[in-house]
Amino acid sequence: MLLADQPIPVYTNLTDLYGSFGSSLNHAVRWNELTEEFKSRFGRPPTYIVRAPGRVNLIGEHIDYALFGVLPTAVERDILIACAPRPGDSPGSVVAENLNAKYSKQDFAPTTISDGKAEGWHLDIDKKELRWESYVKAGYYGVLSHYFPKSTDKPVPVDMLVTGSVPAGSGLSSSAAMVVASTLTFLAVNNKLEQVQGSEHKPLSKGNLVTMAMENEKRVGVNSGGMDQAASVMSNASSALYITFYPTLSASPLPLPQRALFIITNSLVVSDKAVTAKHRYNLRVVETLVGARVLARALGIKLHDVHGEGHGHGHGHGHNKTKWEKVTYREVLGRFVNEPQGCGPEGDMGPESLIIALKGILTKLNCLLPQRIRGAAARERESEELGVTMEEMIEMSGLSPKVFHEVYLSWVDVEATHFQLYKRAKHVFSESLRVLQFRKICLDAADNLPFRSISNKASTNNEPDRLGQLMNESQKSCSDVFECSCPELDLLTKLCREAGAYGSRLTGAGWGGCAVSLVAEDKAEAFIQKIKETYPPYKDLEGPKLEEVIFATRPSSGACGGFFKFWCRKVD
Ligand code: GLA
């Protein structure tokens, strides 16, 4: 069965969930504490505990919203939510508490609003300020609008207690883990993990949960792609995931190198993508979307704009209105090479053809430079000169200012004097190419015994060095071309390389947060010691404090539910 079609697993013991008795014992302490605290705060045991892990992205940064494939894996660090319906309270009301005292107790209930035609649910989500409950509400909102379309349908009142081990703002996707866990909580307590279709009961699939969690997270104000949610839901404990978004969401396991570890180091620069979205994350989303339209026009690629009757320029009204396609770079690439539909295992042209197509399109990006400097060597130019002003960008898009605004700016708040269409495109296509090359090395190596001796740097096929090199190139591109690194991450990744890593790069949205490094298993200890000595913010950290910021990670299983009563019996 395809990964996206599999049901959300429900475990009745922790060994099945965490893959080994050893690691389940460590986690049992957390599950127990959460259960006991729930009982003492709410006066009864939880009905469910849901779990959603964070993720580390091995390679493929800022390309998911251009619909290119990425290579993350879930980590053991996760969000757990214990929950139970609260009998007798007003429908749909929520009491949300957090084991971490930093996050205050929340008490809220959805209201219904009407725009005259239809009724909908409303939950106050603060987009200006970072608030932990916004992620809880975002998950709830999606469940309400999908499963309680009429305000006469009443969701149950819920008590919930949250605990998390994914550091916030660290690039390990605590936000997606929180939204996935919250969505799952409200589905579970409202008995919606199964859908009734005619006489059949169909379990909610992993693909459904990813799609819901993606929509839900947008409510917090970040137009993120689907990587984090897909990794949190679809990962398995023995491999990384190759996730593709075009033509549809699809994921396949990728075996990882033996005897080498991915070690995470936290730069300790906190970067929250919701707070800085305007001039960072969301700006990149707009730059890549507009760039895709400009590139399509320049390459003579057909856009699927649907023109309203009698109007060709988007000034129609009501049902005559033109629908402008918000084309992505992945779609432009497909049309550039006349991609046949549904041929490869992911339903696309397949990795070999993609590699050729990407190399081809990388030579066609000059049309994204401002008219005033085209033809000159872009390499030698200052960043600002390579960017285009708002006026230039609108002109290059071929749209009127009014339509441009409606299609590319009306749904998002961004701020910039220069928009870097050329540089962003260069990163997106080259990073997508690196993902496919990284994947190929891992796949070839899995069939190839010499790869097993990966700890030996001189191994016949040199795979770890080749993987490391791709990671280093990715970091350089993130830093210089996509401009999503920061001085601390540049320094940290450099120190990681000097400490013996095959390669090192930032992971996640960037501008702070963590780096991920590929390190030979037998060199891991020396590597950690070296980084402790050389990265200035680590100097005074010891024991658990040090383990918080530098740790090896192995793939973990994806989001799940746990039935309290069975689990409790097992652990007791
Ligand atoms: C964040 C987003 C993801 C992805 C990464 C960058 O984590 O949530 O969708 O875009 O940044 O690769």
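How do the residues of the shell around the ligand divide into nonpolar, polar and charged? I started my notebook with that one. I'm working from a predicted model, so I keep that in mind throughout.

**Entry 1: the shell.** I sorted the shell residues by type and got four nonpolar, four polar and five charged. The ligand has 13 residues around it. I then looked up which of them come nearest, and noted Glu-61, His-62, Asp-64, Asp-228 and Tyr-281.

**Entry 2: polar atoms at the ligand.** I went through some atom pairs one by one. Glu-61 puts a polar side-chain atom 2.7 Å from an oxygen atom of the ligand. For Tyr-281, I found a polar side-chain atom 2.5 Å from a ligand oxygen. With Ala-509 the backbone does the job: one of its polar backbone atoms is 3.5 Å from an oxygen atom of the ligand. I also checked how much of the ligand is covered. On its own the ligand has 310 Å² of accessible area, and the protein covers 99% of that.

**Entry 3: the domains.** Next I looked up how the protein is divided. The domain assignment gives domain 1 as 3-255 + 556-568, domain 2 as 281-419 and domain 3 as 423-553. I wrote down domain 1 with both of its pieces.

**Entry 4: where domain 2 meets domain 3.** I counted who touches whom: 19 residues of domain 2 are in contact with 17 residues of domain 3. About 1600 Å² is buried between these two domains, and carbon and sulfur atoms give 77% of it.

Then I asked myself how many salt bridges the rule finds across this interface. It finds one. I also looked at the side chains of Glu-287 and Arg-424, which meet in a salt bridge at 2.8 Å, N to O. Last, I noted five residue pairs in polar contact across the interface of domain 2 and domain 3.

How values were computed
Residues numbered from 1 in each chain as written. Predicted model: local features only at pLDDT ≥ 70, side-chain atom pairs only at ≥ 80, totals over all residues. Heavy atoms only, no water. Near = heavy atom within 4 Å. Polar contact = N/O pair within 3.5 Å; in protein donor to acceptor, adjacent residues only side chain to side chain. Areas by Shrake-Rupley, 256 points an atom, 1.4 Å probe, with all protein chains shown as cover. Nonpolar A, V, L, I, M, F, W, Y, C, P; charged D, E, K, R; others polar. Domains from an automatic or database assignment. Contact = heavy atoms within 4.5 Å. Buried area = accessible area lost by both parts, 1.4 Å probe. Salt bridge = Lys/Arg side-chain N within 4 Å of Asp/Glu carboxyl O.
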